[in-house]
Amino acid sequence: MSIVRVAVIGIGNMGAAHARTLVAGEVPGAELVAVCDVRREMESWVSSHLPATVTYWQDAEQMMASGTIDAVIIATPHYDHPEQAIQAFQHGLHVMIEKPAGVYTKQVRKMNEAAAASGKVFSMMYNQRTNPLYIKLRDLIASGELGEVRRTNWIITNWYRSQSYYDSGGWRATWAGEGGGVLINQDPHQLDLWQWTIGMMPVRMRAFCSFGKYRNIEVEDDVTAYVEYENGATGVFVTTTGEAPGTNRFEVNGDRGKIVIEDGKLTFWRLRESEPEFNQRFTGGFGQPECWKCEIPITGVETGHPGLIRNWVDSIRTGAPLIAPGEDGIHGLTLSNAMLLSTWTDNWVDLPIDEDLFYEQLQERIAGSTTKKDKAFSGSQPADLSQTFK
């Protein structure tokens, strides 16, 4: 395929940004040929901001069936991602979806099954996977430099959101509208990196979510989760939208040292010998392994959303390996679903989770939601979110 004809579904903040990326020529081998948004008023935005060659559609399925596109980027509300992706696969289209993969794993699993059956290229917009710091962390762990992982600890509390943010849309921070709070809106990247960098998922979890702790909302805005891995390692994940100033610190401890990513830097404290080896030979009263603070060369630049779209298009055209396969989206979502389920049941949750139980619990909260999902998303223009991605 020489040129991939791409359509963007959902011209909100992120969808508009992806459309601009394509129009700017930042994705060789791809052309933006169509956009779709259920809001009729967005047609005027399309005509004034995009080339006349870009067709506006109000109905996504009609556009998919038109035969005028090869691939879609889905940037609609969370609940719609799996449903629209499945429709696209059924129409023989390649798919890239914005995070999160969906709201509950039961629907995302069906999306993954549809993707596999279609044979089309499926990618997730996990743009943080292009950050050289996390790529290097993953490399150091996979190559054995850190040894066996013993503990993970991520404090991600710099997602501050005010009450006015939550009040800006009736769908925001509701079970019916978004399906969750900080875990589903702000943390999908960290929940992806938490397991992607270390190469393993927990086997069980105990979590404590607070709902409306800092803001007048019905979903979670403060979370502390403790996890256990099959190899005996443990981990803690702490997040909130209610603290200022916040912290973003990811620490991974292995039997050959410790790696910390904070303030845009990666620091590796490396042991001269592994801790088990030291412990076996050491006979003194007090002591610890010799430790070196290493300067780790970090190469490359973070390519972000445009980089991931380029990778997806390259994969369609040449079969290049994907940075973020779409099927991976279920892993981070499993973690956030498990945190909520543990809180709702006030108990430990084994992974993989009981998807039917989570779905039932979610439906109970949707039924009790005081604000219903507004599929129309009345009308503001797309905003610039370029400083909110990290």
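Proline 245 sits in the loop that links strand 10 (234-240) to strand 11 (248-254). That is a good place to start a walk through this predicted model, since the bond in front of the proline deserves a look. Alanine 244 and proline 245 are joined by a cis peptide bond, with omega at about -5°. A cis peptide bond also joins lysine 99 and proline 100, where omega is about -5°. Proline 100 belongs to the loop between strand 5 (94-97) and helix 5.

**Backbone points to check**

Two residues other than glycine deserve a glance at their phi values. Alanine 173 has a positive phi, near 55°, and aspartate 346 has a positive phi too, near 50°. Are these two residues buried or exposed? Alanine 173 has a relative accessibility of 2%, so it counts as buried. Aspartate 346, with a relative accessible area of 56%, is exposed. The cut-offs behind those words are under 20% for buried and over 50% for exposed. As for location, alanine 173 lies in the loop between helix 7 (163-167) and helix 8 (182-185), while aspartate 346 lies in the loop that runs between helix 12 and strand 15 (349-350).

**The nine-stranded sheet**

Strands 10 and 11, which flank proline 245, both belong to an open sheet of nine strands. Its order is 14-13-12-11-7-10-9-8-15, and the pairing is mixed. Which strands stand at the edges? They are strand 14 (291-294) and strand 15, each of which pairs on one side only.

At one of these edges, strand 14 pairs with strand 13 (residues 265-271) in the antiparallel sense, over four bridges. Within that pairing, phenylalanine 268 stands opposite cysteine 294 of strand 14.

Cysteine 294 brings up the matter of disulfides: a search of the whole structure finds zero of them. Cysteine 291 is in no disulfide, and its nearest cysteine sulfur, that of cysteine 294, is 7.7 Å away. The cut-off for a disulfide is a pair of sulfur atoms within 2.5 Å. Cysteine 294 is likewise in no disulfide, with the sulfur of cysteine 291 as its nearest, 7.7 Å away. Cysteine 291 has a relative accessibility of 39%, so it counts as partly exposed.

**Helix 12 and its neighbours**

Helix 12 is a handy landmark for the next part of the tour. It lies across strand 8 (202-211), strand 9 (220-229), strand 10 and strand 15, and runs at about 65° to strand 8. Helix 12 also has contacts with helix 5 and helix 13.

How do helix 5 and helix 12 cross? The axes of helix 5 (residues 105-118) and helix 12 (residues 329-345) come within 10 Å and cross at roughly 170°. Angles over 145 degrees count as roughly antiparallel, so helix 5 is roughly antiparallel to helix 12. On the helix 5 side, the contact is made by Thr105, Val108, Arg109 and Asn112, and on the helix 12 side by Ile330, Leu333, Thr334 and Asn337.

Helix 12 packs with helix 13 (residues 355-367) at an angle of about 70°, their axes 10 Å apart. Since 65 to 115 degrees counts as roughly perpendicular, that is the description given to this pair. Helix 12 contributes Asn337, Leu340, Leu341, Trp344 and Thr345 to the contact, and helix 13 contributes Leu357, Phe358, Gln361, Leu362 and Arg365. Asn337 of helix 12 takes part in the contact with helix 5 and in the contact with helix 13.

Here is the make-up of the two contacts by residue class:

| Contact | Nonpolar | Polar | Charged |
|---|---|---|---|
| Helix 5 with helix 12 | three residues | four residues | one residue |
| Helix 12 with helix 13 | six residues | three residues | one residue |

**The six-stranded sheet**

An open sheet of six strands has the order 3-2-1-4-5-6, with parallel pairing. Strand 3 (55-57) and strand 6 (122-124) each have a single partner strand, so one side of each is left without a neighbour in the sheet. From one strand to the next, the twist averages 25°.

Strand 1 (residues 4-9) and strand 2 (residues 30-36) run parallel and are joined by six bridges. Valine 6 stands opposite leucine 32 in strand 2.

Key
Residues numbered from 1 in each chain as written. Predicted model: local features only at pLDDT ≥ 70, side-chain atom pairs only at ≥ 80, totals over all residues. Heavy atoms only, no water. Pairing = 2+ DSSP bridges. Helix = DSSP H or I, 4+ residues; strand = E, 2+ residues; numbered from the N terminus. Axes fitted to C-alpha atoms, helices over the stretch in contact; angles between N-to-C directions. Buried < 20%, exposed > 50% of the residue type's maximum accessible area, 1.4 Å probe, protein only. Parallel < 35°, antiparallel > 145°, perpendicular 65-115°, else oblique. Contact = heavy atoms within 4.5 Å. Nonpolar A, V, L, I, M, F, W, Y, C, P; charged D, E, K, R; others polar.
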